[in-house]
Amino acid sequence: MPQTPLILVLNGPNLNLLGTRETDIYGTQSLADIEAAVTQCAVAAGLAVEFLQTNSESQLVDWVQSARDRAAGLIVNAGAYTHTSVALLDALRMVDMPIVEVHLSNTFRREEFRHHSYVSQAATGMIAGFGSHGYELAVDALTKLIAKA
Ligand code: DQA
């Protein structure tokens with residue numbers, strides 16, 4: 001039987017505080033709530049999921065590198081590292097699989113420094129502004145991209 005394709009959902013700094021962090025911008029769902037919804041969607045679509053969060057840039061780079069020989073796709077919300085991390089971009093450039101960038105908020109409606117994303121330069125596409133639902137939209141997009149690959 002073919003192996004179930006694995007997707008990694010990588011979450012960057014301060015996303016562990018979702019549910020209490022600037023709820024007017026990020027909503028009231030916790031990261032655990034989002035993980036439960038993503039897992040349900042992914043399993044229903046025939047995918048396995050690893051849902052991860054770190055405040056560390058180097059850990060994000062390590063996880064992206066680890067995806068190279070075990071994952072079929074990536075969902076990345078790199079938090080503030082989105083706007084600063086060339087190291088993360090370089091790591092993402094080395095993975096040969098679909099990458100969906102997610103942001104809970106519409107970063108283009110916010111401060112100017114959030115308008116630029118290094119992650120976007122390696123991503124297949126980006127979903128922003130739909131709150132936690134964006135992660136489910138990302139699973140749907142990845143499912144279709146993986147099926148086509
Ligand atoms: C974010 C947007 C980033 O600008 C911010 O630094 C975050 C969260 C989002 O999901 O909307 O930490 O990635």
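This report describes the salt bridges, the ligand site and a few single residues of a predicted model.

## How the model was read

The model is predicted, and local features need a pLDDT of at least 70, side-chain atom pairs count only at pLDDT 80 or more, and totals for chains, interfaces and linings use all residues. Residues are numbered from 1 along each chain as its sequence is written, while side-chain values use heavy atoms, with hydrogens and water left out.

## A salt bridge between distant parts of the chain

The structure holds four salt bridges, a salt bridge being a side-chain nitrogen of Lys or Arg within 4 Å of a carboxyl oxygen of Asp or Glu. One of them joins Arg70 to Glu50, with 2.9 Å between the closest N and O atoms. This pair links distant parts of the chain, since Arg70 belongs to the loop between helix H3 (57-67) and strand S3 (73-77), whereas Glu50 belongs to strand S2 (residues 48-53), 20 residues apart. Helices (H or I, at least four residues) and strands (E, at least two) are DSSP runs, numbered from the N terminus.

How far are the two partners covered by the protein? Arg70 counts as partly exposed, at 34% relative accessibility, and Glu50 is also partly exposed, with a relative accessible area of 27%. In these terms, buried means under 20% relative accessible area, exposed means over 50%, and partly exposed lies in between (1.4 Å probe, protein chains only).

## A network of three residues

Glu111 takes part in two of the contacts described here: its side chain meets that of Arg110 in a salt bridge of 3.9 Å, N to O, and it forms a salt bridge with Arg114, where the closest N and O atoms are 2.7 Å apart. Salt bridges that share partners therefore join Arg110, Glu111 and Arg114 into one network.

The members of this network can also be described by their accessibility. Arg110 is buried, with a relative accessible area of 17%, and Arg114 is buried as well, with a relative accessible area of 17%, whereas Glu111 is partly exposed at 35%. Arg110 is placed in the loop between strand S4 (99-103) and strand S5 (125-128). The side chain of Arg110 is also joined to that of Tyr26 by a polar contact of 2.9 Å. A polar contact is a pair of N or O atoms within 3.5 Å; within protein, one must be able to donate a hydrogen and the other to accept it, and residues adjacent in sequence count only if both atoms are side-chain atoms.

## The ligand and its surroundings

Which residues surround the ligand? They are Arg21, Tyr26, Asn77, Gly79, Ala80, His83, His103, Leu104, Ser105, Thr107, Arg110 and Arg114, where a residue is near a molecule if one of its heavy atoms lies within 4 Å of it. Arg110 and Arg114 thus appear in this list and also in the salt-bridge network.

Oxygen atoms of the ligand lie at short listed distances from several residues: 2.8 Å from an N or O atom in the side chain of His103, 2.8 Å from a polar backbone atom of Leu104, and 2.9 Å from a polar side-chain atom of Arg114. The protein covers 99% of the 320 Å² of accessible area that the ligand has on its own, with areas taken from the Shrake-Rupley method with a 1.4 Å probe and, for residues, only the protein chains shown counting as cover.The ligand sits in the largest pocket. On a 1 Å grid over the protein atoms alone, a pocket is an open set of points with protein on both sides within 12 Å along at least five of seven lines, and a molecule sits in a pocket if more than half of its atoms lie within 2 Å of its grid points.

## Single residues along the chain

Two residues have a positive phi although neither is a glycine: Asn14, with a value of about 75°, and Glu22, with a value of about 35°. Asn14 lies in the loop between strand S1 (6-11) and H1 and is partly exposed, with a relative accessible area of 37%. Glu22 has its place in the loop between S1 and H1, and Glu22 is partly exposed at 42%.

Ile25 is found in helix H1 (residues 23-26) and is partly exposed, with a relative accessible area of 30%. Val86, in helix H4 (residues 86-93), counts as partly exposed at 40% relative accessibility, and Val86 stands 36 residues from Glu50 in sequence and 24 Å from Glu50 in space, C-alpha to C-alpha.

Technical notes. On a 1 Å grid over the protein atoms alone, a cavity is a set of points where a 1.4 Å probe fits but cannot get out, and a pocket is an open set with protein on both sides within 12 Å along at least five of seven lines; lining residues have an atom within 4 Å of a point.
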